[in-house]
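Here are my notes for a colleague who is opening this structure for the first time. They are set out as numbered points, each of which can be checked against the display.

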Amino acid sequence: MPITLYKRPGGKVFHYRGTINGQRLRGSTGTAKKAIAERFISQLEEKHWKGDFDGPEAILRFSDAAAHYRMAERSHRFLQMVEDYWKDTLVKSIASGAVRKAAMALYPKATGATRNRHVIVPTQAVINHAASLDLCSPLKVERFPENYKIKTPVTWEWVQAFMAASNPHLAALCCFMFLTGARVSEAINLRWEDVDLVKRRAKIRQTKIGDERNAHLPAALIAAIANIDSDRERGSKVFKYSTRNTANPQWVKACKRAGIPFYSFHCCRHGFATSLLHKGVDPITVSKLGGWKSAQHVFETYGHAMSDDTLADRLTDTPVTPAAAVSMQTIGKTKG
């Protein structure tokens with residue numbers, strides 16, 4: 001049945017229905033003018049025949065690819081901006097160089113890491129998802145160089161000093177981030193119904209990757225949370241701060257009161273990963289415990305070398321006691 005125009009009873013806007021190459025179509029033209037509506041269905045027919053003759057890639061727009069991506073419930077962080085940028089651009093015309101130009105246009109003063117994360121990653125993810133559905137060819141985009149800054153991780157000793165100089169809410173917030181690896185936004189949004197002190201578990205809604213994970217609560221963290229004076233009503237936050245901006249001034253003051261170096265919220269998550277790695281926990285386990293998707297990212301970002309040059313002693317699992325050290329010195333003198 002060819003595409004025909006019609007109006008619904010009492011309506012002014014033209015709608016269409018019919019079949020093109022075996023595919024049944026229906027919808028609204030969005031206009032009350034017949035001439036425009038006729039042009040609309042003419043372009044619709046041309047589009048579908050072109051897709052049939054030349055393949056789906058000939059008509060696939062970025063907006064269509066993004067819709068498929070969203071329907072698959074993939075992570076859509078930073079997707080809206082690139083979706084607005086590409087709009088109805090045909091996917092086949094989006095090459096690697098065009099994506100890099102888009103990143104520079106959208107973030108002219110940003111670092112390479114920001115351009116990669118906010119533009120290249122979501123654009124490539126959308127197109128490659130469409131490619132997995134056989135709708136287009138896959139896309140590979142060269143990333144911008146990233147200069148990784150080695151951040152100083154906090155230690156448990158630093159956390160304890162901070163907690164001693166803080167109110168119960170702030171102390172528990174710091175302890176929670178260090179012992180679970182939670183990001184500050186995830187910690188601040190923790191609700192009382194997400195915490196089970198008996199089972200020693202907390203549900204962390206991971207803002208960066210759009211997922212959830214259950215974190216174990218060490219005894220010190222349970223004590224810190226139990227020390228919070230709160231009504232603990234369902235829906236209320238465990239930590240009283242509405243945003244990181246409201247917590248930050250108190251964070252700075254606590255560092256000054258404790259007489260310790262100022263470290264940012266994220267340094268607690270950094271300390272979580274670094275401390276576990278230095279205690280011999282493998283990167284795959286650390287990435288799982290802290291909610292990182294890539295063990296390689298954990299290793300490259302948090303696997304800083306330790307400065308202790310006696311670590312080789314661990315290879316024999318035989319500790320060097322003071323008496324043994326004296327004995328070895330005696331042997332050395334004898335051989336001399």
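1. In this predicted model, helix H7, which covers residues 168-180, packs against helix H9, residues 219-226, at an angle of about 155°, and the two axes lie 9 Å apart. Since angles over 145 degrees count as roughly antiparallel, H7 and H9 are therefore roughly antiparallel to each other. The crossing that H7 makes as it passes H9 is left-handed.

2. Which residues bring H7 and H9 into contact? On the H7 side they are Ala172, Cys175, Phe176, Leu179 and Thr180, and these meet Ala220, Leu221, Ala224 and Ile225 in H9. Sorted by character, the residues of this contact comprise eight nonpolar and one polar, with no charged residue among them.

3. Helix H9 also holds alanine 219, which is exposed, because its relative accessible area is 53% and the class begins over 50%. Alanine 219 and arginine 200 are separated by 19 residues in sequence, while their C-alpha atoms are 8.3 Å apart in space.

4. A second helix pair to inspect is H3 with helix H4, the latter spanning residues 96-106, whose axes come within 12 Å and cross at roughly 110°. An angle from 65 to 115 degrees counts as roughly perpendicular, and H3 and H4 are therefore described as roughly perpendicular to each other. Here the crossing, as H3 passes H4, is right-handed.

5. The contact of H3 with H4 is made by Met81, Tyr85 and Trp86 from H3, which meet Ala98, Val99, Ala102 and Leu106 from H4. The residues of this contact divide into seven nonpolar, no polar and no charged.

6. The loop between H3 and H4 contains lysine 87, a residue that deserves a look at its backbone, as its phi is positive, about 50°, although lysine 87 is not a glycine. With a relative accessibility of 53%, lysine 87 counts as exposed.

7. A comparable check applies to aspartate 134, which is likewise not a glycine and has a positive phi of about 65°. Aspartate 134 sits in the loop between helix H5 (112-132) and helix H6 (156-164), and aspartate 134 is exposed, its relative accessible area being 64%.

8. Turning to charged side chains, how many salt bridges are counted? The count comes to six, and three of the pairs are described in the points that follow, beginning with arginine 70 and glutamate 83, which form a salt bridge whose closest N and O atoms are 2.8 Å apart. Arginine 70 belongs to helix H2 (residues 62-71) and glutamate 83 to helix H3 (residues 79-86), so this pair ties together parts that are 13 residues apart in sequence. The two partners fall into separate accessibility classes: arginine 70 is partly exposed, with a relative accessible area of 31%, whereas glutamate 83 counts as buried at 17% relative accessibility, since buried means under 20%.

9. Are the partners in the salt bridge of glutamate 186 with arginine 183 buried or exposed? Glutamate 186 is buried, with a relative accessible area of 3%, and arginine 183 is buried as well, at 12%. The side chains of glutamate 186 and arginine 183 meet at 2.5 Å, N to O.

10. Salt bridges that share partners also join Arg61, Asp64 and Asp88 into one network. Within this network, aspartate 64 forms a salt bridge with arginine 61, and the closest N and O atoms of that pair are 3.0 Å apart. Aspartate 64 is partly exposed, with a relative accessible area of 22%, and arginine 61, at 26% relative accessibility, counts as partly exposed too.

11. For the protein as a whole, the secondary structure consists of 14 helices and six strands. Of its 336 residues, 36% count as buried. Among the contacts between residues at least 6 apart in sequence, 54% join residues that are at least 24 apart.

Technical notes
Residues numbered from 1 in each chain as written. Predicted model: local features only at pLDDT ≥ 70, side-chain atom pairs only at ≥ 80, totals over all residues. Heavy atoms only, no water. Axes fitted to C-alpha atoms, helices over the stretch in contact; angles between N-to-C directions. Helix = DSSP H or I, 4+ residues; strand = E, 2+ residues; numbered from the N terminus. Parallel < 35°, antiparallel > 145°, perpendicular 65-115°, else oblique. Left-handed = near helix turned anticlockwise from the far one by under 90°. Contact = heavy atoms within 4.5 Å. Nonpolar A, V, L, I, M, F, W, Y, C, P; charged D, E, K, R; others polar. Salt bridge = Lys/Arg side-chain N within 4 Å of Asp/Glu carboxyl O. Buried < 20%, exposed > 50% of the residue type's maximum accessible area, 1.4 Å probe, protein only.
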